[in-house]
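Biologist: I am new to this structure. Please take a close look at a single part of it, and then set that part among its surroundings.

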Amino acid sequence: MVMACGTRKNAEKMKVENHSYSNYKEVSVSHLNLSLKVDFNKKELWGTSTLTIKNNSGANKLILDTRTLKVDHVAITDADGKSKEVTFEMGATDSILGAALIIPIEKNTTSVSVAYHTLPESEALQWLSPEQTHDKKNPFLFSQSQAILARTWIPLQDCPAVRFTYEAKVEVPPHLMALMSAENPSAKSKDGKYNFRQTKPIPSYLMALAVGDVEFKSLGRNSGVYAEPGMLAKSVNEFVDMQSMIDSAEALYGPYAWGRYDVLVLPPSFPFGGMENPCLTFATPTIIAGDRSLVSLIAHELAHSWSGNLVTNETWSDFWLNEGFTVYFEQRIMEKIYGRDYAEMLTALGRGELQHSLDDLMKEAPDDTKLYLNLDGRNPDDGVTDIAYEKGRFFLRSIEEVVGRTEWDAFLRSYFSTHAFGTTNTKNFIAYLNEKLLSKNPEWNKAVNTDEWIFKTGLPANCPVVNSKELQRVEEAVAKFEKSRKVADIQTKGYTTHHWLHLLRNLKSLKQEEMAAMDKEFKLTGIGNSEIACDWYRLSVENGYEAAYSEMEKFLNSVGRRKFLLPIYKALLKTPEGKKRAEAIFKSAEKGYHAVAAGTIRDMLKEAK
Ligand code: BES
Ligand code: ZN
């Protein structure tokens with residue numbers, strides 16, 4: 001993964017705690033009752049958000065987060081059920097945080113109701129025309145709330161330290177299905193009206209909504225897949241192991257807390273690989289490779305049902321606690337199902353990605369190589385780098401290697417159950433780790449070196465070494481090729497997606513003829529596997545292999561997953577001609593990207609000016 005947002009241009013001074021204006025310590029929200037009508041013509045949601053509150057400190061106002069929301073009316077209700085309309089205020093608008101919605105409340109106010117609508121530019125939401133979907137027949141809408149975009153479609157306390165249950169009534173055009181991060185329907189309703197219920201308390205960044213022509217198919221006891229009709233069979237085939245992933249995860253770290261685990265396969269503009277919305281992971285269709293080679297992403301989003309959704313980072317500076325734990329856990333699920341060699345191959349690839357990011361970040365923003373991040377005045381999106389994911393994972397793996405699996409797994413199980421439906425932060429984690437685990441053996445503390453991992457830049461010397469037999473085969477082929485410069489010396493028999501990625505990441509400075517020979521031999525330009533395509537197009541740009549450019553442009557115009565867009569645009573921006581090409585591609589492709597992907601690329605292009 002490449003740094004999401006190399007720029008701090010948007011950063012403004014904010015006197016705001018935890019990227020939220022909300023006074024959540026004074027007034028706590030315990031439940032959300034949402035009622036929404038989905039208007040595809042206007043590209044707006046219209047409705048009401050009613051929050052059940054507890055005025056812990058007798059405060060005279062409730063402050064909520066909003067951004068690009070139009071608030072129409074606000075009413076408060078007291079313990080006797082008496083309601084009245086109140087005059088609300090909107091604070092000044094900040095480009096990252098949006099604007100505070102300030103609502104006068106009374107000591108005995110028990111709920112607050114906000115009538116509002118979103119605007120077409122509300123960033124969490126992407127409204128797709130039929131052409132932008134797989135089946136090209138119906139429009140589609142999906143949300144992406146993490147990190148601080150829930151406030152662009154619901155006025156609430158948009159802060160990961162706050163948890164609430166919710167229920168929702170959503171009205172959509174009758175031929176479409178609505179789905180949320182909650183108990184979901186398995187078939188379309190006749191009248192386009194849907195009711196949802198999330199009975200477990202969740203943080204706001206896990207609020208999610210999708211509307212489209214989708215159908216459901218069960219995959220097992222408590223799992224299934226939703227996709228557009230034309231994608232459903234392929235998705236079912238790709239995800240056959242999902243039920244056993246759930247079972248393996250439970251065997252590792254305790255019961256699955258959310259009832260069902262389903263996956264929704266979205267249209268290709270979805271800006272992430274996956275998003276762990278409770279009960280319903282949102283996923284990119286680019287993981288449907290046809291050979292099940294990219295399903296570790298499902299293991300990852302499933303693992304978040306523990307690390308993230310059950311035990312949540314208290315602030316975005318603690319983001320590594322969500323993602324580092326999840327990558328570690330993902331790996332353990334993969335190992336359990338597909339064996340150690342396969343899992344080590346994935347880990348070795350992760351190590352390579354980490355090195356790449358470290359090399360970049362140590363030059364650009366060394367402080368961002370610390371696990372605990374300083375995000376003051378910054379967009380939390382700046383923290384979405386391989387550091388949280390991969391440095392986080394290798395830190396946990398190094399603890400595993402010091403204390404041994406038995407102790408470590410027991411520790412993790414108790415960590416999840418002790419903090420279930422709560423938050424955790426870096427300081428608490430360190431204290432818990434020391435108290436429950438490292439203090440058991442005087443040698444362990446020193447060997448683990450927690451402080452350096454979390455608070456220092458770069459990578460500690462005790463970072464675990466990964467040896468993947470499978471990937472060594474690839475390295476040998478690269479070495480042979482580097483001597484002979486003959487493509488025939490790269491023996492690709494038995495290569496999986498991961499071997500290809502390792503190959504493409506290790507080939508450097510290729511001549512045009514060599515690129516052409518590889519392309520002829522391996523048929524890489526236009527390849528359907530998007531992971532391989534991404535690395536091939538990056539390599540093509542780096543080596544000026546123009547024969548791949550037209551397919552590359554098609555790729556950049558049809559896929560909106562940020563992880564694939566960034567490396568290619570970044571490679572283009574290294575030369576003046578490349579920059580022109582990048583600008584031209586972005587101009588046509590931008591309208592198909594979700595706002596978070598478009599924003600990152602736009603910033604990159606501006607910075608390169
Ligand atoms: N929760 C993240 C996605 C995310 C993080 C969205 C921060 C917005 C802000 C999700 O679990 C994730 O990590 N997705 C990865 C997949 C993965 C296998 C590492 C992705 O989208 O590439
Ligand atoms: Zn994740």
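Modeller: What follows starts with the largest cavity and moves on to the fold, some strands, a helix and a few single residues.

This is a predicted model, in which local features need pLDDT of at least 70 and side-chain atom pairs pLDDT 80 or more, whereas totals for chains, interfaces and linings use all residues. Residues are numbered from 1 along each chain as its sequence is written, chains are lettered from A and ligands numbered from 1 in the order in which they are written, and side-chain values use heavy atoms, without hydrogens and water.

The largest cavity encloses about 100 Å³ of space. A cavity is a set of points on a 1 Å grid over the protein atoms alone where a 1.4 Å probe fits but cannot get out, and its lining residues have an atom within 4 Å of a point. Its volume is the space filled by probe spheres set on the points, with grid points joined across faces, edges and corners. The lining of the largest cavity comprises 13 residues, of which Tyr328, Gln331, Arg397, Glu400 and Arg405 are the closest to its centre. By class, 9 lining residues are charged, 2 are polar and 2 are nonpolar. Here Asp, Glu, Lys and Arg count as charged; Ala, Val, Leu, Ile, Met, Phe, Trp, Tyr, Cys and Pro as nonpolar; and the others, including Gly, as polar. Three helices, α4 (319-338), α5 (340-364) and α6 (386-403), supply at least two residues each to this lining. Helices are DSSP runs of H or I with at least four residues, strands are runs of E with at least two, and both are numbered from the N terminus. In total, the structure holds 6 cavities of 30 Å³ or more.

Next comes the protein around this cavity. The protein has 18 helices and 21 strands. Its radius of gyration is 24 Å, close to the 25 Å from the globule rule for 609 residues, so the protein is as compact as a globular protein of that length. That radius is taken over C-alpha atoms, and the rule is 2.2 Å times the number of residues to the power 0.38. The C-alpha trace spans about 85 × 65 × 50 Å along the principal axes. Of the 609 residues, 60% count as buried, a term for under 20% relative accessible area with a 1.4 Å probe and protein chains only, while exposed means over 50% and partly exposed lies in between. Among contacts between residues at least 6 apart in sequence, 72% join residues at least 24 apart; a contact means heavy atoms within 4.5 Å.

Helix α5 also links the cavity to another covered part. The buried residues of α12 pack against α5, as well as α11 (469-484), α13 (512-522) and α14 (530-542). In α12 (497-506), 8 of its 10 residues are buried, among them His498, His499, Trp500 and His502.

Among the strands, β14 (209-212) is covered on both faces: Leu209 and Val211 are buried on one side, Ala210 and Gly212 on the other. β14 pairs antiparallel with β10 (140-143) over 2 bridges, and Leu141 stands opposite Val211. β12 (177-180) also runs antiparallel to β14, joined by 4 bridges, with Leu179 opposite Ala210. Pairing here requires at least two DSSP bridges between two strands. Elsewhere, an open antiparallel sheet of 3 strands has the order β3-β7-β6, with β3 (61-66) and β6 (89-90) as its edge strands, each paired on one side only. Between β3 and β7 (99-104) there are 6 bridges, and Leu62 stands opposite Ile103.

A few backbone details remain. After β10, the loop that leads to β11 (164-171) holds Ala147, and the peptide bond from Gln146 to Ala147 is cis, with omega near 0 degrees. Lys43 has a positive phi near 55 degrees and sits in the loop between β1 (27-39) and β2 (44-55). Lys43 is partly exposed, at 38% relative accessible area. Arg292 has a positive phi too, near 60 degrees, in the loop between β19 (280-283) and α3 (296-303). Arg292 is partly exposed at 35% relative accessibility.

Ser35 lies in β1 and, leaving aside residues up to four places away in sequence, touches Trp46, Gly47, Thr48 and Lys169.

Methods
1 Å grid on protein atoms, 1.4 Å probe; cavity = no way out; pocket = protein on both sides within 12 Å on 5 of 7 lines; lining within 4 Å.
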